[in-house]
Amino acid sequence: MDEQSDRQVYLDHAASTPARPEVVEAMLPWLSEHPGNPSGAHRMARDARRAIDDARDAVAALVGMEPGGVVFTSGGTEADNLAVDGVLRAGSGVAVCSAAEHAAVLEPVRESGGVVLPTDAGGRIDLVALEETLDSIADIRLVSVMAANNETGVINPVAEVVALVTERAPDAVVHSDAVQATAWLDLSEICSGVSLVSITGHKFGGPKGAGALVVDSGVALVPMLRGGGQERERRSGTQNVPAIVGLGRAAELVVVDREETAARVAAMRDRLEAGLLAAVPGARRTVPDGVDRTPAVAHLCFEGIENEALLFLLEQKGVCASAASSCSSGAQEPSHVLAAMGIDRKVAAGSLRLSMARTTTDADVDHALSVIPEIVGRLSEYA
Ligand SMILES: Cc1ncc(COP(=O)(O)O)c(C=O)c1O
């Protein structure tokens, strides 16, 4: 039996990335020193309300929309569910998305009897299929297109989707799950013309359990959580003040070093991919050349091996990574994203997602390069 590695290398940042120290520092007083409920009437309540309104301003600035449109949620899943269900419940009509969306969008779209479109080989929404659907179904109410994919980092043509919907189905609204784009792309630019945007803190230096759906003023939304009428009647329940403060701080900080971080991480991602492709016979990059993607993910397929065994041996060597989307609770089911891209099941079975962030170092990449080829080689021998 192999010895466990002393070195721990975390290459699963697309699943969750650490909160920045400044975020933790900003949150702490709101866990103990400031107990006010933001819905209350006294001074401490007003302090809490002011704190979440500052966070509202920061999130609105990040997305390029109005602070009044920010609905704080428990994260990306709730924001996505609220976007799809909330819009559909506010009027009749059909929702549309692609087969590569996150389950938090796909499931509500499917459950509502909506249309799930194919993708191209890069996993991007098929614009021709979208156009045909917009032309053939009269009552399309919502089109949901993720800004960047959680498994591959592939960037969708959001502006083209907005243009098509505006032209062919002017009564419909566009939602974008920008959860995996926030750390890397200027949301105010890429989500321009989008009516609803989902984000979540734990993918860009904020805390887990804090996210937002940012909604354009003209969009009617029926809440999923009813009760006290918080968040302008769009999401009842006492706000999670410490987490929202952390989300706001992360929103302020991410824009400061985003470009520099993206360039540095892209160089590490390219070095990691090139090193693995050179060292592992038969390895292939999952995303075709020329497809735009965020710097976050090195995604490779090693045909003939099972990624469950690969992940187990990687962990023994101190590397934490993932294969299918982490949100499938660690279960290594075949990836619906790779299936949508037309990747053969046998090839997809040997896929590996190594995802990076601001805190990733060259030494992390060196360690991954020093252990992965040998592990894949060993697994290939038993294949
Ligand atoms: C693209 C995308 N959307 C939504 C979610 C769900 O976000 P949360 O974990 O905050 O519920 C994730 C999480 O992995 C994601 O990657």
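How many residues surround the ligand, and which are the closest? Select the ligand to begin: 14 residues surround it, and the closest are G75, G76, T77, N150 and T200. Keep in mind on this tour that the model is predicted.

**Stop 1: around the ligand**

Colour the shell by residue class, and you will find four nonpolar, eight polar and two charged residues. Then select helix α3, residues 76-89. The largest share of the shell around the ligand, three residues, comes from this helix.

**Stop 2: helix α2**

Next, select residues 43-63, which form helix α2. Try a distance between the C-alpha atoms at its two ends: they are 30 Å apart. That agrees with the expected span, because 21 residues at 1.5 Å a residue should span 30 Å.

Now show the side chains of the buried residues of α2: A48, A51, I52, A55, R56, A58, V59, A60, L62 and V63. What do they pack against? Add β2 (70-73), α7 (187-190), β7 (196-200), β8 (211-215) and α9 (241-279) to your selection, and you have their partners. Before leaving, step on to G64, which follows α2 and has a positive phi, near 80 degrees.

**Stop 3: the loop between β7 and β8**

From β7, move into the loop that leads to β8 and pick K208. Is K208 buried or exposed? K208 counts as partly exposed, because 15 other C-beta atoms lie within 10 Å, in between the limits of 12 or fewer for exposed and 20 or more for buried. Leaving aside residues up to four places away in sequence, K208 touches S16, G201 and H202. Select D12 as well: K208 and D12 are 196 residues apart in sequence, and their C-alpha atoms are 15 Å apart in space.

**Stop 4: the two domains**

Zoom out and colour the chain by its domain assignment, with domain 1 as 9-18 + 257-382 and domain 2 as 21-254. Their centres, taken over C-alpha atoms, are separated by 27 Å. Where the domains meet, domain 1 gives 26 residues to the contact and domain 2 gives 27 residues. On the side of domain 1 that touches domain 2, α9, β10 (297-302) and α11 (336-340) each supply at least two residues. The largest share of that side, three residues, comes from α11. By class, this side of domain 1 has 13 nonpolar, nine polar and four charged residues.

**Stop 5: helix α10**

Select residues 307-316, helix α10, and highlight its buried residues N307, L310, L311 and L314. These buried residues cover an arc of only 95 degrees around the axis, which means that they lie on the same side of α10. An α-helix has 3.6 residues a turn, so residues three or four places apart point the same way. Rotate the view to the face turned away from the buried side, where the exposed residues E308 and F312 sit. Among the elements that cover the buried residues are β11 (319-320), β12 (351-355) and α13 (362-382). Just after α10, look for G318, with a positive phi of about 85 degrees.

**Last stop: A357**

Finish in the loop between β12 and α13, where you can pick A357. A357 is buried, because 22 other C-beta atoms lie within 10 Å and 20 or more are needed. Which residues does A357 touch, not counting those up to four places away in sequence? Show H13, T17, A183 and V265 to see these contacts. Finally, add G206, which is 151 residues from A357 in sequence and 13 Å away in space, C-alpha to C-alpha.

Note on methods: Residues numbered from 1 in each chain as written. Predicted model: local features only at pLDDT ≥ 70, side-chain atom pairs only at ≥ 80, totals over all residues. Helix = DSSP H or I, 4+ residues; strand = E, 2+ residues; numbered from the N terminus. Expected span 1.5 Å × (residues − 1). Contact = placed C-beta atoms within 7 Å. Near = placed C-beta within 6 Å. Nonpolar A, V, L, I, M, F, W, Y, C, P; charged D, E, K, R; others polar. Arc of directions from axis to C-beta. Domains from an automatic or database assignment.
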